[in-house]
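Dear colleague,

I am handing over the structure we spoke about, and my notes on what was found in it follow below. Please read them with the model open beside you.

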Amino acid sequence: MKTLFALIAAAALFGGVHLFHDGNGESVADEVTPSNTYRLVANGDERACAVSRGAEISDGLSLLTVAPTCRRLMPGIERAKFWRQQNDGTVAFSANGIDPIVTFAVADGEGYESYAPATPLLSLAGDRNTGG
C-alpha cells in the first residue's frame, strides 16, 4: 500500500512540474501577460493619463479607451476610439479607425514614443500598477 501511495505522489509531482514548465523547460509561471493599460505622458510634464487597448476588431485594429484627462496632454486625443497596430510596430490612435490623431513608434526599451504630430512628444508605457 505504501508503494502505491509513493507511485501516486511521484506521478502527481511529475505532472505538476510538467504542467508548470509546459514540457519545454521554461516555466509558464514566469511568463508575463502584456498589459492592455498604458500610461500616457507628455514630455516634460508631470501629469499623466490612462489609455486602455480593448478587444481586437480586425487584424491590427482594436478598440481604445482614452481617459478624458488626456486632453490636458494633447487636445483632441480624447476623441480617439481605435488603436491600429501596423506591421512595422507603429501604433496610431484614431477616432474613425483610419485617420490618425497621433502615431507612435516603438521606443528604446519598453513602450512607444509619438512622432506625429511632432509636438507634443508623448510617451506610452504599460501601466503595471493597474494589474492590467
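Pro117 sits in the loop between β7 and β8, and the peptide bond that leads into this residue from Ala116 is cis, with omega near -5°. Pro120 is placed in the loop between β7 and β8 as well, and here too the peptide bond, from Thr119 to Pro120, is cis with omega near -5°. These bonds deserve a careful look, given that most peptide bonds are trans, and please bear in mind throughout that this is a predicted model. Pro120 can also be placed relative to Gly44, since the C-alpha atoms of the two residues are separated by 9.7 Å although they stand 76 residues apart along the chain. Gly44 itself belongs to the loop between β1 and β2, and with a relative accessible area of 76% it is exposed, the cut-off for that class being over 50%.

As for the overall arrangement, the secondary structure of the chain amounts to 1 helix and 8 strands, and along the sequence these follow the pattern α-β-β-β-β-β-β-β-β. Of the 132 residues in the chain, 30% are buried, while the chain exposes about 8700 Å², of which carbon and sulfur atoms supply 57%. When contacts between residues at least 6 apart in sequence are considered, 32% of them join residues at least 24 apart.

The interior is where much of my attention went. The largest nonpolar core has 21 residues, and the members that touch the most other members are Leu40, Val51, Phe93, Phe104, Leu122 and Leu124. Two or more residues of this core come from each of β1 (37-42), β2, β3, β5, β6 (100-106) and β8 (122-126). Leu122 shows how such a residue is surrounded: apart from its neighbours within four places in sequence, it is in contact with Leu40, Val41, Ala42, Leu73, Met74, Ile77, Val102, Phe104, Tyr112, Glu113 and Ser114.

Which residues do the ring pairs link into a cluster? They are Tyr38, Trp83, Phe93, Phe104 and Tyr112, and the structure as a whole holds 4 aromatic pairs. In one of these, the ring centres of Trp83 and Phe93 lie 5.5 Å apart with their planes at 35°, so the pair is classed as tilted. This pair connects distant parts of the chain, with Trp83 in strand β4 (residues 82-85) and Phe93 in strand β5 (residues 91-94), 10 residues apart, and both Trp83 and Phe93 are buried. Trp83 also pairs with Tyr112, the ring centres being 6.1 Å apart and the planes at 85°, which makes this pair edge-to-face because the angle is over 60 degrees. Since Trp83 lies in strand β4 and Tyr112 in strand β7 (residues 112-116), the pair ties together parts that are 29 residues apart in sequence, and Tyr112, like Trp83, is buried.

Trp83 appears again among the contacts of Ser62, a residue of strand β3 (residues 61-66). Leaving out residues up to four places away in sequence, Ser62 touches Arg53, Gly54, Ala55, Glu56, Ile57, Lys81, Phe82 and Trp83. Its side chain makes a polar contact of 3.3 Å with the side chain of Arg53, and Ser62 has a relative accessible area of 1%, so it counts as buried.

Finally, a search of the whole structure finds 1 disulfide. Cys49 and Cys70 form this link, with their sulfur atoms 1.9 Å apart, and the angle of 110° about the S-S bond makes the link right-handed. The disulfide joins distant parts of the chain, Cys49 being in strand β2 (residues 48-58) and Cys70 in the loop between β3 and β4, 21 residues apart. Are these cysteines buried or exposed? Cys49 has a relative accessibility of 6% and counts as buried, and Cys70, with a relative accessible area of 0%, is buried too.

With best regards

Methods:
Residues are numbered from 1 along each chain as its sequence is written. This is a predicted model: local features need pLDDT of at least 70, side-chain atom pairs count only at pLDDT 80 or more; totals for chains, interfaces and linings use all residues. Side-chain values use heavy atoms; hydrogens and water are left out. Rings of Phe, Tyr and Trp (its six-membered ring) pair if their centres lie within 6.5 Å; planes under 30 degrees apart count as stacked, over 60 as edge-to-face and the rest as tilted. Helices (H or I, at least four residues) and strands (E, at least two) are DSSP runs, numbered from the N terminus. Buried means under 20% relative accessible area, exposed over 50%, partly exposed in between (1.4 Å probe, protein chains only). Contact means heavy atoms within 4.5 Å. Accessible areas come from the Shrake-Rupley method with a 1.4 Å probe; for residues, only the protein chains shown count as cover. A polar contact is a pair of N or O atoms within 3.5 Å; within protein, one must be able to donate a hydrogen and the other to accept it, and residues adjacent in sequence count only if both atoms are side-chain atoms. A disulfide is a pair of cysteine sulfur atoms within 2.5 Å. A nonpolar core is a set of buried Ala, Val, Leu, Ile, Met, Phe, Trp, Tyr and Cys residues joined through side-chain atoms within 4.5 Å.
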